[in-house]
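Visitor: Hi! I'm new to this, so could you walk me through a structure in plain words?
Guide: Sure, let's have a look together.

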Amino acid sequence: MTQGKVDALLGIVFGDEGKGKVVDFFTPQYDVVARFAGGPNAGHTIIFEGKKFVLRSIPSGIFDENKVNIIGNGCVIAPDLFMKEAHELEAAGYVLTERLHISRRAHLILPTHRVLDRAYEAAKGKNAVGTTGKGIGPTYSDKAARIGLRVGDIEEDFMAKYERLKARHLQILADMHFADFDIAAEEQEWLQGVEYMRKFRLSDTETEIHAYLAEGKSVLAEGAQGSLLDIDHGTYPYVSSSSTTSGGVCTGLGVGPGHIGRVYGIFKAYSTRVGSGPFPVELFDETGDELRRIGHEYGAVTGRNRRCGWIDLVALKYAIMINGVTDLVMMKSDVLDTFPVIRVCTAYEKDGVQTTAMPYDTEGWQAVYTELPGWQTPLTELRSEEQFPKAFADYIAYLERELQTPIKIISVGPDREATILM
Ligand code: IMP
């Protein structure tokens, strides 16, 4: 934790790095927890006081009554899903309205944005991105096209603005001959969600954050998705539509680079990806199935099987570079406990050419591997570095050498206690 600064906690690969557990571990140290990008495409699974919650738009500091939680201007928010998520927390006894502040500059996901998401995906056929279907892409498209609706718009003359944008969307859908939807059904709940949002403090969160920083308070920027899903730096076009990297913390919260403290990069001891797009380390064999089974690699939002493979140093080096990662956090190390040999992707190869730098177009590249001995010892009960089996200590030392960045936290199991500070 850095006082008077914003620390970033980012998934640095394809999302699903286990941010929920890390955030749960980190948040007690911070005064403010802020989301800066994305929307209900995220699903952070948090186990708090024995209860399991999946947070999508709401920051993970919400369980602690002393923390301020901010949904920043870089986010997009679906009022109906937000209301549902909030109601679940309220039903469990958490009081939200005072602790959760929403940027007036964040954009609204309309029901028709979700339909457009489906229509665009259907039109792409075999080149579909495999989106979460939450309307993320169309909402950010409208933001960039300067026709989007922002949270602040609900404060005045809202229905006229809504009807105008909805009509525009319906026209696009008619032009695409896409008729597979029933807006009336969704709209009712969505408008209730808009009403519900009025109970919250809709504020100019960038000014608010700077006031906290000036008081010496600490802010945690809670990442969503992953660096390789970033609209600029990810495996375009198989990406999400927001800036998921540390640059996105600056634009998505309205803070300058000088206000950023530590940049924590979270990754897993192996690789996963949901949705389509290049994934050179993907395993289609029994080892891939083993990783999925042991690691419970099924999507938190969509329930889809995650694609699995060995760790990818090409991707990690690139992500560390573009984010300016200062500290690494390695999750789910115990998933590799039973493997006699651990493979590590050190380069990509295509047409006899090898590269260790992330190529512009990752399509068609094959992974080149180095092999390290597995530790074949259960790690989950270990609580300190001194207890590590030699092969595991060697694996960590190898990764740190290759990545030129220290691994500061290692997770060896799902429980809070199974977290080792290095
Ligand atoms: P969208 O963000 O719904 O537009 O989806 C774009 C791509 O990003 C798809 O491949 C999704 O599976 C992926 N994606 C979006 N959000 C997440 C996330 O939170 N974790 C992992 N993958 C995600």
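Guide: We'll talk about the ligand, then some helix pairs, then a few backbone oddities. Keep in mind that this is a predicted model.

Visitor: Okay, ligand first. How many residues surround the ligand, and which are the closest?
Guide: There are 16 residues around the ligand, and the closest are D16, N41, T132, S240 and R304.

Visitor: What lies 3.3 Å from a polar side-chain atom of D16?
Guide: That's a nitrogen atom of the ligand.

Visitor: And which atom of the ligand is 2.9 Å from the side chain of N41?
Guide: An oxygen atom of the ligand, and its partner in the N41 side chain is an N or O atom. R304 has a contact to mention too: an N or O atom of its side chain sits 3.0 Å from an oxygen atom of the ligand.

Visitor: How much of the ligand's accessible area does the protein cover?
Guide: On its own, the ligand has 470 Å² of accessible area, and the protein covers 96% of that.

Visitor: How do the residues of the shell divide into nonpolar, polar and charged?
Guide: The shell has 7 nonpolar residues, 7 polar ones and 2 charged ones.

Visitor: New topic: helices. How do people describe a pair of them?
Guide: For two packed helices, you give the angle between their axes and the distance between those axes.

Visitor: Let's try α3 and α5. At what angle do they pack?
Guide: About 20°, with the axes 9 Å apart; α3 covers residues 111-124 and α5 covers residues 158-175. With that angle, α3 is roughly parallel to α5. The crossing of this pair is left-handed.

Visitor: What about α3 and α4? How do their axes cross?
Guide: Helix α4 is residues 136-144, and its axis crosses that of α3 at roughly 110°, coming within 7 Å. The two helices are therefore roughly perpendicular, and their crossing is right-handed.

Visitor: One more pair, please. How far apart are the axes of α10 and α11?
Guide: Those axes are 10 Å apart, and α10 (residues 313-323) packs against α11 at about 55°. That angle makes α10 oblique to α11. This crossing is right-handed.

Visitor: Now the oddities. What's usual for a backbone?
Guide: Most peptide bonds are trans, and most residues other than glycine have a negative phi.

Visitor: So is the peptide bond from Y236 to P237 cis or trans?
Guide: That bond is cis, with omega near 5°. You'll find P237 in the loop between β10 (219-222) and α8 (246-253).

Visitor: And phi? What value does Q376 have?
Guide: Phi of Q376 is near 45°, so to speak on the positive side, and this residue isn't glycine. Q376 lies in the loop between β18 (366-373) and α11 (390-403).

Visitor: Where is Q404, then?
Guide: In the loop between α11 and β19 (407-411). Q404 also has a positive phi, near 55°.

Note on methods:
Residues numbered from 1 in each chain as written. Predicted model: local features only at pLDDT ≥ 70, side-chain atom pairs only at ≥ 80, totals over all residues. Heavy atoms only, no water. Near = heavy atom within 4 Å. Polar contact = N/O pair within 3.5 Å; in protein donor to acceptor, adjacent residues only side chain to side chain. Areas by Shrake-Rupley, 256 points an atom, 1.4 Å probe, with all protein chains shown as cover. Nonpolar A, V, L, I, M, F, W, Y, C, P; charged D, E, K, R; others polar. Axes fitted to C-alpha atoms, helices over the stretch in contact; angles between N-to-C directions. Helix = DSSP H or I, 4+ residues; strand = E, 2+ residues; numbered from the N terminus. Parallel < 35°, antiparallel > 145°, perpendicular 65-115°, else oblique. Left-handed = near helix turned anticlockwise from the far one by under 90°.
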